[in-house]
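Dear colleague,

I am passing on the structure we spoke about, together with some notes on what turned up in it. Please look through it alongside the comments that follow.

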Amino acid sequence: MGNGLSDQNSILSSLPSFQSLHIVILGLDCAGKTTVLYRLQFNEFVNTVPTKGFNAERIRVTLGHSKTVTFHFWDVGGQEKLRPLWKSYTRCTDGIIYVVDSVDLERMEEAKTELHKITRMSENQGVPVLVIANKQDLRNSLSLSEVEKLLALNELCCTTPWHLQPACAIIGEGLKEGLEKLYEMILKRRKMLRQQKRKR
Ligand code: G3D
Ligand code: MG
């Protein structure tokens with residue numbers, strides 16, 4: 001589910017291996033951001049405590065076609081008082097991972113407002129967004145189409161490529177698939193920006 005994801009094979013090999021991608025992990029507190037980060041780093045569940053500031057980790061991830069990509073993740077605290085800081089982490093970011101708790105229906109509107117606010121900022125125009133519908137292991141989790149509707153993903157700015165990924169961060173399900181989509185969107189954007197530059 002998403003937009004901006006065609007002609008993948010032609011662009012999959014176009015990022016130099018020495019480069020790392022700057023990725024910011026955002027979302028309301030308790031959505032599972034830190035669990036996502038440490039699941040990706042250690043490939044196992046790590047018990048988390050509420051993030052007061054941020055966690056930063058450089059992680060090498062093997063994606064499809066056995067391609068290893070280095071991501072520099074910034075997991076930023078999601079409590080209301082910390083959200084004004086989000087914009088300083090998204091400055092010059094290659095991509096945004098936005099984690100939502102799929103059982104937290106009550107705060108879905110708040111999650112939508114914050115997502116739309118951060119993607120509307122001028123410096124984030126065109127930055128690809130991977131939306132992770134987390135906690136899909138829980139019985140009362142919302143379906144993917146319900147999450148898409150409640151977050152109004154189709155109303156995101158038309159220049160914002162996005163992909164909605166169901167996931168369960170505690171066992172790691174869906175995380176690699178989501179990262180793969182994010183990586184493809186980032187490469188596609190870079191290619192487009194290069195072409196625009198050449199035309200000028
Ligand atoms: P945050 O960094 O977004 O604030 P955390 O969120 O990563 O600290 O996770 C908040 C709580 O959600 C943690 O539980 C964590 O174990 C749980 N969680 C994260 N991902 C999943 C998931 O996919 N499924 C389920 N069932 N729980 C998940 P505690 O109990 O420590 O608050
Ligand atoms: Mg956290």
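**Ligand contacts, the magnesium ion and a surface patch**

In this predicted model, a backbone N or O atom of Ala 169 lies 2.9 Å from an oxygen atom of ligand 1. The protein covers 76% of the 660 Å² of accessible area that ligand 1 has on its own. Ligand 1 is surrounded by 17 residues, of which the closest are Cys 30, Lys 33, Thr 35, Thr 48 and Asp 137. Gly 32 places a backbone N or O atom 2.9 Å from an oxygen atom of ligand 1, while for Asn 134 it is a polar side-chain atom that lies 3.1 Å from a nitrogen atom of the ligand.

The magnesium ion, ligand 2, has as its protein donors Thr 34 and Thr 51, each through OG1 and lying 2.1 Å from the ion. These two residues link distant parts of the chain, since Thr 34 belongs to helix α1 and Thr 51 to the loop between α1 and β2, 17 residues apart. Thr 34 has a relative accessibility of 11% and therefore counts as buried, the cut-off being under 20%; Thr 51, at 14%, counts as buried too.

On the surface, Phe 45, Ile 170 and Ile 171 make a nonpolar patch of about 280 Å². Phe 45 sits in the loop between α1 (33–42) and β2 (54–62), and with a relative accessible area of 44% this residue is partly exposed.

With best wishes

Conventions
Residues numbered from 1 in each chain as written. Chains lettered and ligands numbered in written order. Predicted model: local features only at pLDDT ≥ 70, side-chain atom pairs only at ≥ 80, totals over all residues. Heavy atoms only, no water. Patch = residues over 30% accessible without salt bridge, like charges linked within 9 Å, V, L, I, M, F, W, Y side chains within 5 Å. Areas by Shrake-Rupley, 256 points an atom, 1.4 Å probe, with all protein chains shown as cover. Salt bridge = Lys/Arg side-chain N within 4 Å of Asp/Glu carboxyl O. Helix = DSSP H or I, 4+ residues; strand = E, 2+ residues; numbered from the N terminus. Buried < 20%, exposed > 50% of the residue type's maximum accessible area, 1.4 Å probe, protein only. Near = heavy atom within 4 Å. Polar contact = N/O pair within 3.5 Å; in protein donor to acceptor, adjacent residues only side chain to side chain. Donors = N, O, S within 2.8 Å, 3.2 Å for Na, K, Ca; no water.
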